[in-house]
Amino acid sequence: MINMTDLLKKLSALLFFIAITLWCAFGVYDFSNLVKSVGIEPIIKVSGYFNNTSSFVLFGFFLPCIPMALLNIFLNVQLPKLTLRLMLFGALVFAVLGHYFDSMLRQEIRGNNYVECPTKREVTLKSSSRTYVLDSSLCE
């Protein structure tokens, strides 16, 4: 017989993993749109390297949790060692993808002759960003 409390715990964990993965996927989507907008937008704001790649890493880390949670719900199978390995492998693979996208973004910025606005540079304890423009008169 199915224990309803256990089922609710498993479903809530699944919903949590789906929510976190979707949130990270939005960050990946947003960053990929920034890469596509280089050369089109006159002003772009670029976050630091770690901020850019963190969405990729977290997406790759939490993505394997969803099928593993589904296996747990429907087949009552728990594979903690495999889940951890898949999470670490996903984080590593998506870290490489994040690095590739960040490198591509910075190369596109140089290739499209963007100019950095030193007055709009932001540096805080948690994040940093630089603003690039196609025309230096847009810096003011």
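Let's start at Arg130, which counts as partly exposed at 36% relative accessibility. Keep in mind as you look around that this is a predicted model.

What does Arg130 pair with? Arg130 forms a salt bridge with Glu116, and their closest N and O atoms are 3.5 Å apart. This contact links distant parts of the chain: Arg130 belongs to strand E4 (residues 128-133), while Glu116, 14 residues apart from it, belongs to strand E2 (residues 115-116). Glu116 is itself partly exposed, with a relative accessible area of 23%.

Glu116 has another partner as well. The side chains of Glu116 and Arg121 meet in a salt bridge, at 2.5 Å from N to O. Arg121 is partly exposed too, its relative accessible area being 41%. Put together, Glu116, Arg121 and Arg130 are linked in a network of salt bridges. As a general reminder, side chains of opposite charge can pair when their charged atoms come close.

The structure holds four salt bridges, and one of them takes us into helix H4, where the side chains of Arg106 and Asp102 meet at 3.0 Å, N to O. Why are these two separated by about one helical turn? Because Arg106 and Asp102 are four residues apart in helix H4. Their surroundings are worth a look: Asp102 counts as buried, at 3% relative accessibility, whereas Arg106 is partly exposed, with a relative accessible area of 24%.

From these charged pairs, let's turn to a nonpolar part of the surface. Leu70, Phe74, Leu75, Val77, Leu79, Leu82 and Leu86 form a nonpolar patch there, with about 610 Å² of accessible area together. Helix H3 (65-75) and helix H4 (80-111) are the elements that give two or more residues to this patch. Which of them supplies the largest share? That is H3, with three residues. On the H4 side, you can pick out Leu86, which lies in that helix. Leu86 is partly exposed, with a relative accessible area of 34%, and so it passes the 30% cut-off for joining a patch.

Finally, it helps to set the model beside the database record. In an unreviewed entry, UniProt lists residues 56-75 and 82-101 under "transmembrane region". How much of each stretch is helix in the model? Over residues 56-75 the chain is 90% helix and 0% strand, with the end C-alpha atoms 30 Å apart. Over residues 82-101 the figures are 100% helix and 0% strand, and here the end C-alpha atoms lie 28 Å apart.

Terms used:
Residues are numbered from 1 along each chain as its sequence is written. This is a predicted model: local features need pLDDT of at least 70, side-chain atom pairs count only at pLDDT 80 or more; totals for chains, interfaces and linings use all residues. Side-chain values use heavy atoms; hydrogens and water are left out. Patches are made of residues with over 30% relative accessible area and no salt bridge: like charges are joined within 9 Å, nonpolar side chains (Val, Leu, Ile, Met, Phe, Trp, Tyr) within 5 Å. Accessible areas come from the Shrake-Rupley method with a 1.4 Å probe; for residues, only the protein chains shown count as cover. Buried means under 20% relative accessible area, exposed over 50%, partly exposed in between (1.4 Å probe, protein chains only). UniProt positions are given in the numbering used here, feature names are shortened, and annotations may be inferred rather than shown by experiment.
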